[in-house]
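Got your viewer open and a selection box ready? Let's walk through this one stop by stop, beginning with the empty spaces.

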Amino acid sequence: MQIGGMRHDMRHDTVRVANDRRAHMETPSSSANPLLELSSNLAEIVERVGQSVVAVHGRHRIPSSGVIWRHGVVVTAAHTLKREDGIEVTLPDGRTVGAVLAGRDAGTDVAVLKLDGVDLTPVESGDARSLKAGHLVLAVARGDGFGASADFGVIGNAGGAWRTWRGGQLDAFVRLDGGLRPGFSGAALADVRGQVMGICTSALARGVGIVIPAMTIARVAEELLAKGRVSRGYLGVGTQQVSLSDAWIKKMNLSSNRGLLVNSLAPGGPADEAGVLVGDVLIELDGKPCRDMDDVHAALGLASIGQRLRVALIRGGERHECSVTVGERPQRNSCR
């Protein structure tokens, strides 16, 4: 009896242990399943960040996204706003309210909207300069329905400060590993801690998403809120890069074999007023080589509006110099 009873107890305990193991395998805890833990963390980040992400109705059909940057202020991608009046914003609670465009900057693709009577929690921003290629990130957007939307990916490339083709400067170059889905321009780009590194845009690089860093947004938004625009230097020239002949390089003792051919001038612009002519080849700005538009933007970035720049150029095979007074770039002008 006693031995039989022990066998029964042992058999019962063995069955109980096996059942416990099976139950544990069927309902794993997050600590035992890293993927489940990661999935839960990502969902929590989307929910939390999504409370500060809005839909912006500033174009036909698909809205873009925007981020509550400070109380009553939304930032979004400037290229998605196709009108200046009649802009509306859909909030996380489903309400749609009117927004006033405080200003936009094509150079960095940042636009600032002001909301009256709306008190939503701003995002917690981080430093995009900490991102490296391969880091996991989440883009959090908002459309017309179904709450916040998310896109999960990695950083494709990252580096230091970068000047855009439109003349603005981003405090860090951060490229996503692919393009953006419709409506994700203006979306918040969060790291795995839930800090918003900036907003996404498809307008600054062809075929891929670029992050406008939070540091850039803070700087540009402050200027837009203060005066409605970002002031940048302007020469009023249209150019194309050309190769310089060996004879010119030797004759003028040039340090570069490239220059910029002036193919258009803004009438009455700074370069036109200084006597620059179509057909001139720009070779130096304030003593530094002028090889491409990046060199022009760099020189203008260091100059103040109203400052005089010494310009060296080739005209008729001879070196000429003139002084150009830097103007303020018109908000709607393709000349640099």
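**Stop one: the enclosed spaces**

The second largest cavity has a volume of about 50 Å³. Keep in mind as you click around that this is a predicted model. To see the walls of that cavity, select L235, V237, A271, V276, L282, L285, V311 and V324. Colour the selection by residue class and you get eight nonpolar residues, with no polar and no charged ones.

How many cavities of 30 Å³ or more does a search of the whole structure find? The search turns up two, so go to the other one next. The largest cavity comes in at about 70 Å³. Select L244, L254, S255, S256, R258, I283, E284, P289, C290 and R291 to show its lining. The class colouring now reads five nonpolar, two polar and three charged.

**Stop two: an open pocket**

Now for a space that is open. Select R163, G167, S231, R232 and G301: of the 18 residues lining the second largest pocket, these lie nearest its centre. Two elements, α3 (214-227) and α6 (293-302), each give two or more residues to that lining, so show both as cartoon. The space in the second largest pocket is about 270 Å³. Its lining splits by class into five nonpolar, eight polar and five charged residues.

**Stop three: two rings**

Which residues form the one aromatic pair that a search of the whole structure finds? Select W162 and F173 and show them as sticks: the pair is edge-to-face, with 5.1 Å centre to centre and 65 degrees between the planes. W162 sits in strand β10 (residues 162-163) and F173 in strand β12 (residues 173-176), so the pair ties together parts that are eleven residues apart in sequence. Switch on a surface and compare the two partners. W162 is partly exposed, at a relative accessible area of 24%, while F173 is buried, at 17%.

**Stop four: a hairpin**

Finish with residues 308-315, which make up strand β21, and residues 318-325, which make up strand β22. The two strands pair in the antiparallel sense, over eight bridges. Zoom in on I314 and look across to β22, where its bridge partner is R319. The hairpin has two residues between the strands, and G316 takes a positive phi near 60 degrees there. While you're here, bring V311 and V324 back up: both belong to the lining of the second largest cavity, where the tour began.

Key
Residues are numbered from 1 along each chain as its sequence is written. This is a predicted model: local features need pLDDT of at least 70, side-chain atom pairs count only at pLDDT 80 or more; totals for chains, interfaces and linings use all residues. Side-chain values use heavy atoms; hydrogens and water are left out. Two strands pair if DSSP finds at least two bridges between them. Helices (H or I, at least four residues) and strands (E, at least two) are DSSP runs, numbered from the N terminus. On a 1 Å grid over the protein atoms alone, a cavity is a set of points where a 1.4 Å probe fits but cannot get out, and a pocket is an open set with protein on both sides within 12 Å along at least five of seven lines; lining residues have an atom within 4 Å of a point. Grid points are joined across faces, edges and corners, and a volume is the space filled by probe spheres set on the points. Ala, Val, Leu, Ile, Met, Phe, Trp, Tyr, Cys and Pro count as nonpolar, Asp, Glu, Lys and Arg as charged, and the others, Gly among them, as polar. Rings of Phe, Tyr and Trp (its six-membered ring) pair if their centres lie within 6.5 Å; planes under 30 degrees apart count as stacked, over 60 as edge-to-face and the rest as tilted. Buried means under 20% relative accessible area, exposed over 50%, partly exposed in between (1.4 Å probe, protein chains only).
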